[in-house]
Amino acid sequence: MNPRLDQPLRLGTRRSKLAMSQSGHVADAVRAITGRPVELVEITTFGDVSREHLAQIGGTGVFVTALRDALLRGEVDFAVHSLKDLPTTQPEELVVAAMPLREDPRDALVARDGLTFEQLPDGARVGTGSPRRTAQLNHYARSLGKRIETVAIRGNVDTRIGFVRDGELDAVVLAAAGLNRIGRGDEATDLLSVDCVLPAPGQGALAVECLASDTELIASLGKLDDPHTRAAVTAERSLLAALEAGCSAPVGALADLLADGQVVNEMRLRGVVGTLDGSTLVQLSTTGPVPHSYDEAMALGRELADEMLAKGAAGLMGERSL
């Protein structure tokens with residue numbers, strides 16, 4: 001008998017209820033694949049303890065660094081990240097061994113009195129910690145002929161929804177995937193159409209990361225990989241990288257697989273960048289064959305980014321200008 005089969009695999013995870021739920025699902029799948037026990041190792045990240053707004057402390061990448069450090073120190077064998085939190089540059093010593101099937105990528109509104117976004121009153125106070133959501137929500141409101149006040153918030157799902165329950169805010173916007181993963185999807189009063197609000201690149205997807213040198217674990221974790229999810233989020237993240245934008249930039253992107261009957265034969269990539277007040281958006285899309293390699297997916301993202309930059313996207317991001 002292989003002595004390693006009795007040795008638990010250590011899965012590094014953030015301590016939040018959402019992270020623990022996501023990691024728990026992955027742990028169950030890894031146990032089934034490997035026949036080995038998996039134990040969760042809770043790690044506190046700087047993003048969890050800082051009360052500063054994400055854009056001020058380096059964007060969502062602050063949730064990733066401590067997990068990666070634990071991997072590199074050998075304290076955990078693999079880690080689970082929300083893919084939208086991963087910086088677009090990948091350390092050579094680490095590899096994303098699996099991107100499991102993606103959850104719903106859309107943004108969800110949780111509003112008082114069961115209101116949808118279109119039913120929000122003029123001047124409604126809407127909470128979000130995301131510049132991407134701020135820009136698109138303001139634009140969406142303008143298109144409906146009204147104004148909203150976006151309020152910067154931080155905190156876990158309970159904290160954010162609490163702002164609505166306590167009457168401090170009329171609504172908050174969160175990732176639908178996060179609500180679904182903790183069994184609270186029914187609290188959403190509206191799922192925002194991607195035709196109105198594009199999600200963050202990689203939203204709804206998970207990244208399972210381990211050491212690049214651990215070929216045996218890479219092979220096992222690879223069985224969790226969903227190739228269509230990987231192709232889509234690779235294209236989205238390529239767009240983000242080619243715009244030279246960080247996780248906290250107001251960039252939205254979504255790659256859809258387009259089917260002709262039962263055969264998936266094309267991928268449509270949509271991207272958006274805008275000013276925070278929603279007055280100006282650059283929103284474009286491109287369609288091509290479903291990428292069958294990393295390079296093809298990267299090329300799709302770069303192609304759309306080039307078109308967006310030609311339309312003035314750089315000047316709208318606040319992080320750099322032409």
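This passage walks through a five-stranded sheet, the helices that pack on it, one loop arginine, and a helix further along the chain. The model is a predicted one.

The sheet comes first. Its 5 strands run in the order 7-6-8-5-9; the sheet is open, and its pairing is mixed. Strand 7 (148-152) and strand 9 sit at the edges with a single partner strand each, so one side of each has no neighbour in the sheet. Strands of a sheet pair through backbone hydrogen bonds, and they can do so in either the parallel or the antiparallel sense.

Strand 8 (residues 171-175) is a good place to look at both senses. On one side, strand 8 pairs with strand 5 (residues 107-111) in the antiparallel sense, over 5 bridges, and here D107 is found opposite A175. Strand 8 also pairs with strand 6 (residues 124-128), this time in the parallel sense and over 2 bridges, with G127 opposite V172. As for exposure, strand 8 is mostly covered, with 5 of its 5 residues buried. Strand 5, for its part, is joined to strand 9 by 2 bridges, and these two strands run antiparallel. L109 has D190 of strand 9 as its bridge partner.

Helix 5 (residues 157-165) packs on this sheet, where it touches strand 5 and strand 8, and its direction makes about 155 degrees with that of strand 8. Helix 4 (residues 131-143) lies across strand 5, strand 6, strand 7 and strand 8, and it runs at about 170 degrees to strand 7.

Between helix 6 (176-181) and strand 9 (190-191) there is a loop, and R184 lies in it. Is this arginine buried or exposed? With a relative accessibility of 17%, R184 counts as buried, since the cut-off for buried is under 20%. The side chain of R184 makes a polar contact of 2.7 Å with the side chain of E187. Once neighbours within four places in sequence are set aside, the contacts of R184 are V157, D158, I161 and L179.

Further along the chain is helix 9 (residues 294-310). Its 17 residues should span 24 Å at 1.5 Å a residue, and the end C-alpha atoms are 25 Å apart, so the two values agree. Buried along this helix are A297, M298, L300, G301, L304, A305 and M308. Viewed down the axis of helix 9, these buried residues fall within an arc of 155 degrees, so they line one face of the helix. D295 and A310, on the other side of helix 9, are exposed. What do the buried residues of helix 9 pack against? Their partners are helix 8 (227-242), strand 12 (263-274) and strand 13 (281-289). After helix 9 comes G312, with a positive phi near 100 degrees.

Strand 12 also holds M267. This methionine counts as buried because its relative accessibility is 0%. M267 and T286 are 19 residues apart along the chain, and a separation of 8.4 Å is found between their C-alpha atoms.

Notes
Residues numbered from 1 in each chain as written. Predicted model: local features only at pLDDT ≥ 70, side-chain atom pairs only at ≥ 80, totals over all residues. Heavy atoms only, no water. Helix = DSSP H or I, 4+ residues; strand = E, 2+ residues; numbered from the N terminus. Expected span 1.5 Å × (residues − 1). Buried < 20%, exposed > 50% of the residue type's maximum accessible area, 1.4 Å probe, protein only. Arc of directions from axis to C-beta. Contact = heavy atoms within 4.5 Å. Polar contact = N/O pair within 3.5 Å; in protein donor to acceptor, adjacent residues only side chain to side chain. Pairing = 2+ DSSP bridges. Axes fitted to C-alpha atoms, helices over the stretch in contact; angles between N-to-C directions.
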